[in-house]
Amino acid sequence: MLRDTHSRSGKVGRIRADPEVALTACSFDGIPHGPAVPARARVLPAPELRSARHALTTKYGNRFRWFTVVLLLGRARRSGGAPVGLEIGRP
């Protein structure tokens, strides 16, 4: 589960058009540290996003709450639309 984007981002549009993605381990700066693995992504509907958000809060507690606050502050700056959740799994 990745919830770091907004509904009008380019990545959300690409995933809606073609759900095939590639994942790779990388540093915080985005430098790849391994081979890419094929995966499939989908945009979560609102009810599933609420459920996923609850599960992440239950598992990570204040760390996830802090992450959410930081994302909201960034989203307010760029006015990118509503938050969306992306589910990424094996094809």
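Glu-87 is partly exposed, with 36% relative accessible area. This residue forms a salt bridge with Arg-42, and Arg-42, Glu-48 and Glu-87 are linked in a network of salt bridges. The model is predicted. The points below cover the chain as a whole, the salt bridges, helix H2 and a nonpolar patch on the surface.

**Overall layout**

- The protein chain contains 3 helices and 4 strands.
- Read from the N terminus, the order of these elements is β-α-β-β-α-α-β.
- Of the 91 residues in the protein chain, 25% are buried.
- Among contacts with a separation of 6 or more, 65% are between residues 24 or more positions apart.
- The protein chain has an accessible surface of about 6400 Å². Carbon and sulfur atoms account for 61% of that surface.

**Salt bridges: the network at Arg-42**

- The whole structure has 3 salt bridges.
- In the bridge between Glu-87 and Arg-42, the closest N and O atoms are 2.6 Å apart. The two residues are 45 apart in sequence and link distant parts of the chain, with Glu-87 in strand E4 (residues 83-89) and Arg-42 in strand E3.
- Arg-42 also forms a salt bridge with Glu-48, where the closest N and O atoms are 2.4 Å apart.
- Arg-42 has a relative accessible area of 33%, so this residue is classed as partly exposed.
- Glu-48 is likewise partly exposed, because its relative accessible area is 35%, and buried would require under 20%.
- Glu-48 falls within the residue range of helix H2 (residues 46-60).

**Salt bridges: Arg-40 and Glu-20**

- A further salt bridge joins the side chains of Arg-40 and Glu-20, at 2.4 Å from N to O. Arg-40 belongs to strand E3 (residues 37-43) and Glu-20 to strand E2 (residues 20-23), so the bridge ties together parts that lie 20 residues apart in sequence.
- Arg-40 counts as partly exposed because its relative accessibility is 41%.
- Glu-20 counts as partly exposed too, at 38% relative accessibility.

**Helix H2**

- Helix H2 spans residues 46-60 and has 15 residues.
- The distance from the first C-alpha of H2 to its last is 21 Å, close to the 21 Å expected at 1.5 Å a residue.
- Leu-49, Ala-52 and Leu-56 are the buried residues named for H2. They cover an arc of only 65° around the axis, and therefore sit on the same side of the helix.
- The other side of H2 carries the exposed residues Pro-47, Arg-50, His-54 and Thr-58.
- Gly-61 follows H2 and has a positive phi, near 60°.

**Helix H3 and the nonpolar patch**

- Helix H3 covers residues 62-78, and Val-70 is found in it.
- Val-70 is one of the residues in a nonpolar surface patch of about 420 Å², together with Trp-66, Val-69 and Leu-73.
- The relative accessible area of Val-70 is 42%, which means that this residue is partly exposed. A residue needs over 30% relative accessible area to be counted in a patch, and Val-70 has 42%.

Notes
Residues are numbered from 1 along each chain as its sequence is written. This is a predicted model: local features need pLDDT of at least 70, side-chain atom pairs count only at pLDDT 80 or more; totals for chains, interfaces and linings use all residues. Side-chain values use heavy atoms; hydrogens and water are left out. Patches are made of residues with over 30% relative accessible area and no salt bridge: like charges are joined within 9 Å, nonpolar side chains (Val, Leu, Ile, Met, Phe, Trp, Tyr) within 5 Å. Accessible areas come from the Shrake-Rupley method with a 1.4 Å probe; for residues, only the protein chains shown count as cover. A salt bridge is a side-chain nitrogen of Lys or Arg within 4 Å of a carboxyl oxygen of Asp or Glu. Buried means under 20% relative accessible area, exposed over 50%, partly exposed in between (1.4 Å probe, protein chains only). The expected span of a helix is 1.5 Å times one less than its number of residues. The arc is that of the directions from the helix axis to the C-beta atoms. Contact means heavy atoms within 4.5 Å.
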